[in-house]
Amino acid sequence: MRILSGIQPSGRLHVGNFFGMMQPSIRLQEEGEAFYFIADYHSLTTVQDPDALKENVSNVAVDFLACGLDPNKAVFFKQSDVPEVTELSWLLSTVTPMGFLNRCHSYKDKTERGLEATHGLFAYPVLMAADILIYDSNVVPIGDDQKQHLEVTRDIATKFNNLYGDVFVIPEPKIRGDKARVPGLDGQKMSKSYGNILELFGEEKATRKKIMSITTDSTPVEDPKDPSNSIIVDLFSLVASDQQLEEMKDDFLKGGVGYGDFKKRLFEAFWEYFEPMRARRKELCEDPQYIENILKEGAARAREAASATLKRARHSCGITS
Ligand code: ADP
Ligand code: TRP
């Protein structure tokens, strides 16, 4: 089984990225041949500062490894080190009806938020389809906001296969069943575009401050509170033990405990949960050469797989005989 996923280096990674995409990917590396990459071509649609892009790429590389991506089990690489993917993207774009792309929410959301309506932003799902199809991927672990892009990928692959024969494997999305969408500090979906994120590896003081700033209602300390409708409980459930979670829910229902107290418990559990990963991150930061080597070796392996598929695709449509 070939497993593949990518993450854009478009800012600091947050708790939503971790539980939505990174943790499921890390778990899946045990179950098949995993290919994970840093989607820097995609990031150029939003990050147009070369220094920022480079810094984001190194941060994502360190963060993902610190969180448990094992380079002995998974092939880890940078998207742009396999330029074959851009050629495949072109081949796919020639069979992609505008309608497939017109229906994508992500383009509409981004342009409504003020991003320039570039061709790259519009064609983003075609490049993503190329990423997935070029590695003959069977399973793609992603957060639920990427579901539509997977549907488009399947539609493009089917269209290409119908025209030119059985060139591509049709991939399946793997979306976390529980807690598919991690809430941000304001209760909307956690996203760097909404300014409501909890960074995975932020400074202690800033992280505490962020958690203490979570939006709550004005129920007085002594009154019972509703645990089923609380950002604090939702976030706590990701990082606390079952017992700690039950205690928090009971204390919500009983009353007598204020939101400030619950936020402190959330901070403690959060900090403890990510402690081993923070320690590993610190070690990794001391050896940038090690990370560079991993990405280089990963790129060589990825390129081998990608070239074979590209060759098949070129041949099928008559570019090469
Ligand atoms: P952002 O919304 O912050 O820009 P990205 O779009 O870069 O995040 O997402 C990278 C990966 O993390 C994707 O697979 C996405 O589905 C997942 N992800 C992002 N935010 C969340 C969230 N709040 N809950 C669950 N998964 C998320
Ligand atoms: N679009 C994905 C995101 O924003 C990143 C991505 C690019 C990706 N190519 C991919 C994810 C291929 C899975 C498979 O998070």
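Q: Hi! What domains is the chain divided into?
A: This is a predicted model, and its chain is divided into domain 1 (2-182 + 288-316) and domain 2 (202-273).

Q: How far apart do the C-alpha centres of domain 1 and domain 2 lie?
A: Those centres are 34 Å apart. The contact takes 6 residues from domain 1 and 6 residues from domain 2.

Q: OK, and what area do domain 1 and domain 2 bury between them?
A: About 480 Å², with 80% of it on carbon and sulfur atoms.

Q: Which three residues supply the most of the area that domain 1 buries against domain 2?
A: That would be V15, F19 and K179, which supply 73% of it.

Q: How many salt bridges does the rule find across that interface?
A: The rule finds 0 salt bridges between domain 1 and domain 2. For polar contact, the rule finds 1 residue pair across the interface, both at pLDDT 80 or more.

Q: And what's the mix by class on the side of domain 1 that touches domain 2?
A: You'll find 4 nonpolar, 1 polar and 1 charged residues there.

Q: Switching to cores: which residues touch the most other members of the largest nonpolar core?
A: V15, M22, F76 and L200 do, in a core of 59 residues. Domain 1 and domain 2 each give this core at least three residues.

Q: What does L200 touch, leaving out residues up to four places away in sequence?
A: L200 touches L13, H14, V15, F18, M22, C67, F270 and F274.

Q: Nice. What about the second core, which residues does it include?
A: The second core is separate and has 43 residues, among them F37, F100, A130 and V140.

Terms used: Residues are numbered from 1 along each chain as its sequence is written. Chains are lettered from A and ligands numbered from 1 in the order in which they are written. This is a predicted model: local features need pLDDT of at least 70, side-chain atom pairs count only at pLDDT 80 or more; totals for chains, interfaces and linings use all residues. Side-chain values use heavy atoms; hydrogens and water are left out. Domain bounds come from an automatic or database domain assignment. Contact means heavy atoms within 4.5 Å. Buried area is the accessible area (1.4 Å probe) that two parts lose on being put together, summed over both. A salt bridge is a side-chain nitrogen of Lys or Arg within 4 Å of a carboxyl oxygen of Asp or Glu. A polar contact is a pair of N or O atoms within 3.5 Å; within protein, one must be able to donate a hydrogen and the other to accept it, and residues adjacent in sequence count only if both atoms are side-chain atoms. Ala, Val, Leu, Ile, Met, Phe, Trp, Tyr, Cys and Pro count as nonpolar, Asp, Glu, Lys and Arg as charged, and the others, Gly among them, as polar. A nonpolar core is a set of buried Ala, Val, Leu, Ile, Met, Phe, Trp, Tyr and Cys residues joined through side-chain atoms within 4.5 Å. Buried means under 20% relative accessible area, exposed over 50%, partly exposed in between (1.4 Å probe, protein chains only).
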